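Subject: Structure for your review

Dear colleague,

Please find below the structure that I am handing over to you. After it, I set out what was found, in an order that should be convenient for a first reading.

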Amino acid sequence: ARARARAPHTHPPPPPTTAMVDAVPEAVHAAWYRANDAHDARLRERFGAYLERHVADAPDEFAARLAATPAGAVAAVVALDQLPRNLYRRSARAFALDAVALS
């Protein structure tokens, strides 16, 4: 059976709050602060395009949409502070969203 084609989204998908939290199981917490290329690659595969798409033009608007709820505020910190550390490790881009994350 062929998969049915999906209709294009007319609005951004909801913030990946649960997906982000689930992507960091307790077993990974110990490794979170150490450079781990395989972990970085998994996060880049899972969230790289999402972050690029939603932060590229208007990071402040993206942060405001995420931070509209308490769970979304946590997702904003993860998306704007923690994920860039992994997605862009060893690059200035790893810290480019710090000011937005702090706001």
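I begin with R85, which is partly exposed, its relative accessible area being 25% or less, namely 23%. Please disregard the phrase "25% or less" in that sentence: the value for R85 is simply 23%. The model is a predicted one, and every value in this message is computed from it.

**A network of charged residues**

R85 is joined with D81 and D98 into one network by salt bridges that share partners. Within this network, the side chains of R85 and D98 meet in a salt bridge, with 2.8 Å from N to O. R85 belongs to helix α5 and D98 to helix α6, so this pair ties together parts that are 13 residues apart in sequence. D81 also lies in helix α5, and its side chain makes a polar contact of 3.1 Å with the side chain of R85. Is D81 buried or exposed? D81 counts as buried, at 18% relative accessibility, because the limit for buried is under 20%. Leaving aside residues up to four places away in sequence, D81 touches A76, D98 and A101.

**Two further salt bridges**

The count of salt bridges comes to 5. One of them pairs D40 with R89, whose closest N and O atoms are 2.5 Å apart. D40 is in helix α3 (residues 37–55), while R89 is in the loop between α5 (70–87) and α6 (98–102), so the pair ties together parts that are 49 residues apart in sequence. D40 is buried, at 2% relative accessibility, whereas R89 is partly exposed, with a relative accessible area of 25%.

D40 has another partner in N86: their side chains make a polar contact of 2.7 Å. N86 lies in helix α5 and is buried, with a relative accessible area of 1%.

R93 forms a salt bridge with E52, and here the closest N and O atoms are 2.5 Å apart. This pair links distant parts of the chain, since R93 is in the loop between α5 and α6 and E52 is in helix α3, 41 residues apart. R93 is partly exposed, at a relative accessible area of 42%, and E52 is partly exposed as well, at 33%.

As general background, side chains of opposite charge can pair when their charged atoms come close.

**The two sides of helix α4**

Which residues of helix α4 are buried? In this helix, which covers residues 59–66, they are F62, A63 and L66. These residues span an arc of only 100° around the axis, which puts them on the same side of α4. An α-helix has 3.6 residues a turn, so residues three or four places apart point the same way. The face of α4 turned away from its buried side carries the exposed residues D60, E61 and A64. What covers the buried residues of α4 includes α3, α5 and α6.

**A residue in helix α3**

F47 is located in helix α3. F47 is buried, with a relative accessible area of 4%. Its C-alpha atom is separated by 8.7 Å from that of A79, and the two residues are 32 residues apart along the chain.

**The protein as a whole**

The protein has 6 helices and 0 strands, and its pattern along the sequence reads α-α-α-α-α-α. Of its 103 residues, 34% are buried. Among contacts with a separation of 6 or more, 60% are between residues 24 or more positions apart. The protein exposes about 7,100 Å², and carbon and sulfur atoms supply 58% of this area.

**Confidence in the model**

Because pLDDT is the predictor's confidence in each residue, it should be consulted alongside the findings above. The mean pLDDT of the protein is 77, and 68% of its residues reach 70 or more. Where is confidence lowest, and where is it highest? It is lowest in helix α2 (residues 26–32), at a mean of 60, and highest in α3, at 88.

Yours sincerely

Key:
Residues numbered from 1 in each chain as written. Predicted model: local features only at pLDDT ≥ 70, side-chain atom pairs only at ≥ 80, totals over all residues. Heavy atoms only, no water. Salt bridge = Lys/Arg side-chain N within 4 Å of Asp/Glu carboxyl O. Helix = DSSP H or I, 4+ residues; strand = E, 2+ residues; numbered from the N terminus. Buried < 20%, exposed > 50% of the residue type's maximum accessible area, 1.4 Å probe, protein only. Arc of directions from axis to C-beta. Contact = heavy atoms within 4.5 Å. Polar contact = N/O pair within 3.5 Å; in protein donor to acceptor, adjacent residues only side chain to side chain. pLDDT = per-residue confidence, 0-100. Areas by Shrake-Rupley, 256 points an atom, 1.4 Å probe, with all protein chains shown as cover.
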